[in-house]
Amino acid sequence: MTWETVIGLEVHVQPATRTKMFCGCATVYGAPPNTHVCPVCLGLPGALPSPNAEAVRLGVVGAIALGCEVHATSVFARKNYFYPDLPKGYQISQFDKPLATGGAVQIESPERGPITVSITRLHLEEDAGKSLHDRIPGFTAVDLNRAGTPLAEIVSGHDMRSPGEARAYLTTLRQLLVYAGVSECSMEKGSLRVDANLSVRRPGEPLGTKTEVKNMNSFANVERALEAERIRQIALRESGQEVRQVTLTFNAATGAVKPLRTKEDSHDYRYFPDPDLPPLVLAPSWIDAQRAALPELPAARRVRYETTLGLAEYDAKVLMQEPAIAGYFESVVAAGVSPKPAANWVMGEVLAGWNESGMFAVEPVRLAALIAMVDGGQVSLQAAKQVFAELLSSGDEPRIVADRLGVMQVRDTVALTSWVDQVLAANPDEVARFRGGETKLIGFFVGQVMKRSAGKADPKAIQPLLVERLKS
Ligand SMILES: [Zn+2]
């Protein structure tokens, strides 16, 4: 008898604000420890929090992008627990009155095709600090730069049935939030974190006991960790043992999950409304304005790429994966290049460079100028790739680089005719055979002319000249 896997995800994303959730400290990444702190985020007695309007706005935009209902009134609550990186002894979060509830995301399941994953809620909260275990030998150090950083927690329904679906959901969710401008969603920089809940059951049975898996640093590792946890739970159940409600940590090196501690229930946190913060009240007209100002989301953009721009489904998908890539592609098209060649260049040379360095070394206008030279027959496609490689390290215009490399194609009839005549004079036997009916020798002559011109002759212009000369 088979087992059914049930997965739900809690995703924390950091709204792209310059300052923290309840104080004016900067949210910079990678600063020296404890350099962006103040009485509010240090939790000093008497310091009063004040909500960051931009964090609230980005939370609302994210909620709208996920199809949630945004509540006009939500309440900040204290989540009480002790930990060295939490100097206040509580985290400001939202509990029974969150910012938004009841959304949905369409994803492509690797096993079931298109499915809907429900979004239970999106609420705002602040991050804790960070314990550093490798900074001072024998000690744990605490860095409070992250304490008070805004977070939007997005809780999905238990709608996923495989680790692959969890990964597909994360990919779609990230794309939505990046396109909506809510967050950078970088797992590397900690602006997106995933906690995954998983349980197994026999089909038709009520939900089994779930465990929570943490400490995954990529979407691929979320999939690996959930696969390991699914196997662990099934092995327990098959041998007649119970699954205990625990939190597990994933070890990317070994691919194993290890129980960390028994999981807290929400009543352990003794939530209560934060007496320092009044309820968060948003005007319905302001929420509507955020909805109206929402940028084009991935689904709409994909349709536009396939219909208006006439791109193949695959090309549209690849270009859209990263908003930065899509933006670059659109700039090339805006500079006057047809969508198809623009797509080919971006998916080839440009994407290769971006994957390596995360940057675009060649500005869209310079690439557009290079593509126009290929279209105009001034350089061959092959030579254009050589020029592009030079553009990566040079600020020059493509035409100047092509000249410098000596790859501008020669289409001048006088020069071409001279090469053609030299070739015909040097190969009298082949000329006789051609005139005797061996017309496929035309390829040989074109090749000889290309050779004589050191590759600079425009092959499209050579053939008619050859035919003309051979016939006379
Ligand atoms: Zn602060």
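**Entry 1: Lys-214 and its surroundings**

I began with Lys-214 and found that, once its neighbours within four places in sequence are left aside, this residue is in contact with Asp-195, Thr-247 and Thr-249. The model I am reading is a predicted one. I placed Lys-214 in strand β12, which covers residues 211–214. Is Lys-214 buried or exposed, or does it count as partly exposed? I noted it as partly exposed, because 16 C-beta neighbours lie inside 10 Å, and a residue would need 20 or more to be called buried. I also looked up the separation between Lys-214 and Gly-59, which are 155 residues apart along the chain, and found 23 Å between their C-alpha atoms.

**Entry 2: Val-213 and the cores**

I then turned to Val-213, whose contacts, again without the neighbours within four places in sequence, are Ala-196, Leu-198, Ala-225, Leu-226, Glu-229, Leu-248, Phe-250 and Val-257. Val-213 is listed among the residues with the most contacts inside the largest nonpolar core, which has 63 residues, and Ala-63, Leu-122, Ala-166, Tyr-169, Ala-196 and Ala-225 are listed with it. I recorded a second, separate core of 30 residues, which includes Leu-319, Val-337, Ala-342 and Val-350. As background, I kept in mind that nonpolar side chains tend to be buried together in soluble globular proteins.

**Entry 3: Helix α4**

Which residues of α4 are buried? I listed Val-222, Glu-223, Ala-225, Leu-226, Ala-228, Glu-229, Arg-230 and Gln-233. What covers these buried residues includes β1, α3 (163–179), β11 (192–201), β12, β13 (246–251) and β14 (256–262). I checked the length of the helix as well: at 1.5 Å a residue the 20 residues of α4 should span 28 Å, and the end C-alpha atoms are 29 Å apart, so the two values agree. After α4 comes Gly-240, whose phi is positive and near 80°.

**Entry 4: Positive phi outside glycine**

I looked up two asparagines with a positive phi, beginning with Asn-215, where the angle is about 70° although the residue is not a glycine. Asn-215 sits in the loop between β12 and α4 (219–238), and I counted it as partly exposed because it has 18 C-beta neighbours inside 10 Å. For Asn-34, phi is near 60°, again a positive value in a residue other than glycine. Asn-34 lies in the loop between β1 (4–13) and α1 (39–42), and with 14 other C-beta atoms within 10 Å it is partly exposed.

**Entry 5: A three-stranded sheet**

In what order do the three strands of the open sheet run? I read the order as β5-β4-β15, with antiparallel pairing. The edge strands are β5 (90–94) and β15 (272–273), each of which pairs on one side only. Between β4 (residues 76–80) and β15 I found antiparallel pairing over two bridges, and I noted that Ala-77 stands opposite Pro-273 in β15.

**Entry 6: The whole chain**

I closed with the chain as a whole, which has 16 helices and 16 strands. The radius of gyration is 31 Å, whereas a compact globule of 472 residues would have one near 23 Å. Along its principal axes the C-alpha trace spans about 100 × 55 × 55 Å. I noted that 33% of the 472 residues count as buried, and that, of the contacts with a separation of 6 or more, residues 24 or more positions apart account for 68%.

Terms used
Residues are numbered from 1 along each chain as its sequence is written. Helices (H or I, at least four residues) and strands (E, at least two) are DSSP runs, numbered from the N terminus. A residue is buried if 20 or more other C-beta atoms lie within 10 Å of its own, exposed if 12 or fewer, and partly exposed in between; C-beta atoms are placed from the backbone. Two residues are in contact if their C-beta atoms, placed from the backbone, lie within 7 Å. Two strands pair if DSSP finds at least two bridges between them. A nonpolar core is a set of buried Ala, Val, Leu, Ile, Met, Phe, Trp, Tyr and Cys residues joined through C-beta atoms within 7 Å. The radius of gyration is taken over C-alpha atoms; the globule rule is 2.2 Å times the number of residues to the power 0.38. The expected span of a helix is 1.5 Å times one less than its number of residues.
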